[in-house]
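How do helices sit against one another in a protein chain? Look at the model below with that in mind.

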Amino acid sequence: MSQQPSIKDVAAKAQVSIATVSRVLNHKGGFSKITFDKVHKAMADLGYQPNRLAQALKSDSIKMIALSVPFVWHPFYAEFAYYVEAELQNRGYGMLLSNNQSDPASEKKFLQMAQENKVDGIIGITYNDIDPYLSTNIPFISIDRFFDTSTTPTVATITSDNYHGGEIAANELIRRGAKKIAFVGTYANYPNGSLNRKKGFLKIAKEQNIPYQVFECSETDPEAPLLLDKVINHLDNIDGIFTVNDETAYQLLFKLQNYSVKIPEELQLIGYDGFQMMPSIAPSLSSIVQPVKEIARLAVDNLIKLILHSREVDNIVVPIAFRAAQTTKNIQQNKLI
């Protein structure tokens, strides 16, 4: 069996000192971008893998980040996890992934394990009661969910501009001819940015004097599985719908296959998230698009700021955009009707 390459081999191939390789591996500074690239190229050519345990013993950092998402199969969460891991690899960090399935016990167990193994920080998309697990000094970046920073100063939130997204959805339905609009969705029982989607949507409806309906309930409500059936029962009075997320929109489209409703001629539909079921296929759902790659970059960037500088970072609101697809009329089509 061939011997595994050592840090000495990396230094020789990159034509730098062992101390320089060590500084690059441990992000200690004192080297140029050219040197950084030479060392990483040498590592790749040799197949060298740093010993994370040894690094941790030397620097009090294991160079590992924990990521917790509700469902790893969900397109938005999967895409987010992909970009987070890519960003972390670029910074020399590894990633532990938890697919907690929105189960509070599973998520708490993962967070407790992450703390006991002293990961450097945590990124989470969570709608469970995890506040007791955030009272430590481990930095935490929350996506969309807000926490009390007076008791958890090492927590920062990154969220898309949910309120404006609701405004855009209402405006886009109205300018495409919708006269009777509705908001549809379930909500988590903890404060989060997605609650503002409905608020922005209703603001525009009221300002423009457009009749509207709201179909919503808690995710834990026993009636939640029947929510979309209630919407379908009221379709005679609806010609435009904004759903709290793309998943809900696709579920509604699936149910509507059993009904003689023409989309978008009779009913227009806008979701929120902007994920694509398959990257090679043009999306069929009109949606308010969250820039998932940028959100991932900001999450990693700000988490590392908390890790390296032990200081607070500001909450961040990321701009969104409307993506027109097959579930809304185009403007020319609306003018002809």
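What follows is a walk around the first helix and its neighbours.

This is a predicted model, so local features need pLDDT of at least 70 and side-chain atom pairs count only at pLDDT 80 or more, while totals for chains, interfaces and linings use all residues. Residues are numbered from 1 along each chain as its sequence is written, and side-chain values use heavy atoms, with hydrogens and water left out.

Start with helix 1, residues 7-14. Helices here are DSSP runs of H or I, at least four residues, numbered from the N terminus. Val-10, Ala-11 and Ala-14 are buried in helix 1 (under 20% relative accessible area, 1.4 Å probe, protein chains only). Seen down the helix 1 axis, these buried residues fall within an arc of 100 degrees, so they line one face. The arc is taken from the directions from the helix axis to the C-beta atoms. The face turned away from the buried side carries Lys-8 and Ala-12, both exposed (over 50%).

What do the buried residues of helix 1 pack against? They pack against helix 2 (18-25) and helix 3, where contact means heavy atoms within 4.5 Å.

Now turn to helix 3, residues 33-46. Its axis and that of helix 1 come within 9 Å and cross at roughly 120 degrees. Axes are lines fitted to C-alpha atoms over the stretch in contact, and angles run from 0 to 180 degrees between N-to-C directions. Asp-9, Val-10, Lys-13 and Ala-14 of helix 1 meet residues of helix 3 including Lys-38, Val-39 and Ala-42.

Finally, helix 1 is followed by Gln-15, whose phi is positive, near 60 degrees.

Note on methods. Helices (H or I, at least four residues) and strands (E, at least two) are DSSP runs, numbered from the N terminus.
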